[in-house]
Amino acid sequence: MALVPSGSGAGQVIAEVAMNGGADPNATTVRATVVQASTIFHDTPATLDKAERLIAEAAGYGSQLVVFPEAFIGGYPRGSTFGFGISISIINPKDKGKEAFRRYHAAAIDVPGPEVTRLAAMAGKYKVFLVMGVIEREGYTLYCSVLFFDPLGRYLGKHRKLMPTALERIIWGFGDGSTIPVYDTPLGKIGALICWENKMPLLRTALYGKGIEIYCAPTADSRPVWQASMTHIALEGGCFVLSANQFCRRKDYPPPPEYEFAGLGEEPSADTVVCSGGSVIISPSGEVLAGPNYEGEALITADLDLGEIVRAKFDFDVVGHYSRPEVLSLVVNDQPHLPVSFTSAGEKTPAAKSDSDAKSY
C-alpha cells in the first residue's frame with residue numbers, strides 16, 4: 001500500500017494504492033480508483049472542475065477505471081429535510097423547503113446535456129472508464145443516477161436509482177428496469193447500484209444475471225456496517241466491489257440560513273465531519289484490497305487480478321452451478337415505464353427523453 005499526497009488543491013487528498021501484491025502475474029490486471037471527496041454544493045461548474053483534477057490524479061497513478069460517489073455532481077442533500085417535519089406548507093409558494101428544492105434543482109444536470117458532454121471529454125482526455133454519481137434532472141423531476149463513460153470519450157448510458165431511501169423519496173423520482181445496465185468492456189463487465197439499492201437481493205441478482213465482474217457501489221452510507229454489506233456482495237457475486245463515498249465537513253455545504261442541518265440537535269461547527277467516507281475496494285474472495293478510509297478526502301486505488309473472479313466462481317456461482325432455477329427464478333421487467341406516450345402513424349413517441357445503453361446487457 002502506497003500513500004501518495006495529492007495536489008488537487010481541495011485540501012489534502014491521500015491516494016491509497018495497493019501495488020498488485022500477490023496477484024497472478026499471468027492474469028489480466030486492472031488498476032481501479034474509487035474517489036472519496038466532497039461535492040462543492042450548489043456549484044456544479046466548480047464540482048466538475050474538481051472532478052477533472054481528481055480524474056487527472058487517478059490517471060497519473062495508472063488507473064484505468066475511476067468511480068465517484070453517489071450524487072457527486074449535484075450533491076447529496078445531507079441534513080436537509082426540504083421543509084418536511086419543520087415548516088412544510090402546500091399553499092405557501094415561499095415555503096423554505098420549496099426554495100431549497102429550487103436551488104437543488106438548479107444544481108442538477110440534464111442527461112444528455114453540456115455537463116455530460118464535459119464528463120465524456122474528461123474520460124477521453126485521461127483515457128479512463130468513468131463511473132460518475134449525479135443528480136439527473138428531467139423536466140422538474142430529479143433522479144439519483146450513475147453515468148458511465150469509456151476512454152474514447154463516449155457516454156455509454158446510465159443507471160437510475162430504483163428505490164430512494166427515506167426522505168430521498170421526497171426529492172428524487174424512482175428508476176425502472178430499463179436502466180440496470182452492465183457494460184461489457186475490455187476491463188471486464190461493469191455495472192453499478194447506488195447506496196441502499198445494494199441491500200435489495202433481487203436487484204443484485206439482476207446484475208449477477210448479466211455477468212457483472214466489477215460491481216460499483218457509489219453510496220452515502222459511512223457507517224462501519226456498510227463494510228459488511230460490501231464484503232457480502234463480493235462473496236455472493238464472485239465479483240470485485242468498488243464502493244465510493246464522499247468525505248464531507250459542514251463547511252463543504254453552504255452556511256446557514258441558506259442551508260441548515262437538521263437532526264443533529266444544533267447547527268454543527270464548520271469542521272464537523274458530516275460524512276466520514278469509508279470508501280473501499282474488495283476482491284471476489286472477500287479480501288479488502290484498499291480502504292476503508294475514514295480520515296479525509298482520498299484516492300483509493302488497487303490492482304484487480306481478474307483471475308480472482310474465476311477462482312471465486314469455482315466455489316459459488318450464484319446464477320450458475322449454485323442456482324436452482326426450477327425452484328427459484330427471477331423475472332426482470334426491463335421496459336421503460338412512462339407516464340405519457342403519444343402514437344401517430346404507427347410510431348410511439350415517449351414523452352420522456354430516451355437514453356442510450358450502448359454495449360449493455
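Phe-84, Leu-167 and Ile-170 together make a nonpolar surface patch of about 240 Å² in this structure, which is a predicted model. One of these residues, Leu-167, sits in the loop that leads from β7 (155-160) to α4 (168-171). Leu-167 counts as partly exposed because its relative accessibility is 43%, and the class between buried and exposed runs from 20% to 50%.

**The six-stranded sheet**

Six strands form an open sheet in the order β8-β9-β10-β11-β14-β15, and the pairing within this sheet is mixed. Its edge strands are β8 (182-185) and β15 (288-293), each of which pairs on one side only. From one strand to the next, the twist averages 15°.

Strand β9 can be followed through both of its pairings, which are set out below with a pair of bridge partners for each.

| Strand pair | Sense and number of bridges | Bridge partners |
|---|---|---|
| β8 and β9 | antiparallel, four bridges | Asp-184 and Lys-189 |
| β9 and β10 | parallel, three bridges | Gly-191 and Tyr-215 |

The antiparallel pair, β8 and β9, forms a hairpin in which two residues lie between the strands; here Lys-189 of β9 is the bridge partner of Asp-184. With β10 (residues 214-216), by contrast, β9 (residues 188-192) pairs in the parallel sense, and Tyr-215 of β10 is the bridge partner of Gly-191. Strand β9 is also mostly covered, since four of its five residues are buried.

Helix α6 (residues 225-237) lies across several strands of this sheet, namely β10, β11 (240-243), β14 (279-282) and β15, and the helix runs at about 25° to β14.

**The loop after β15**

Beyond the edge strand β15, the loop between β15 and β16 (298-305) contains Gly-296. Is this glycine, Gly-296, buried or exposed? Gly-296 counts as buried because its relative accessibility is 12%, and the buried class covers values under 20%. When residues up to four places away in sequence are not counted, Gly-296 touches Gln-36 and Phe-247. A further relation links this loop residue to a distant part of the sequence: Gly-296 and Ser-38 are 258 residues apart along the chain, and their C-alpha atoms are separated by 9.7 Å.

Taken together, the two loop residues described here fall into separate accessibility classes, with Leu-167 partly exposed and Gly-296 buried.

Notes:
Residues numbered from 1 in each chain as written. Predicted model: local features only at pLDDT ≥ 70, side-chain atom pairs only at ≥ 80, totals over all residues. Heavy atoms only, no water. Patch = residues over 30% accessible without salt bridge, like charges linked within 9 Å, V, L, I, M, F, W, Y side chains within 5 Å. Areas by Shrake-Rupley, 256 points an atom, 1.4 Å probe, with all protein chains shown as cover. Salt bridge = Lys/Arg side-chain N within 4 Å of Asp/Glu carboxyl O. Buried < 20%, exposed > 50% of the residue type's maximum accessible area, 1.4 Å probe, protein only. Pairing = 2+ DSSP bridges. Axes fitted to C-alpha atoms, helices over the stretch in contact; angles between N-to-C directions. Contact = heavy atoms within 4.5 Å.
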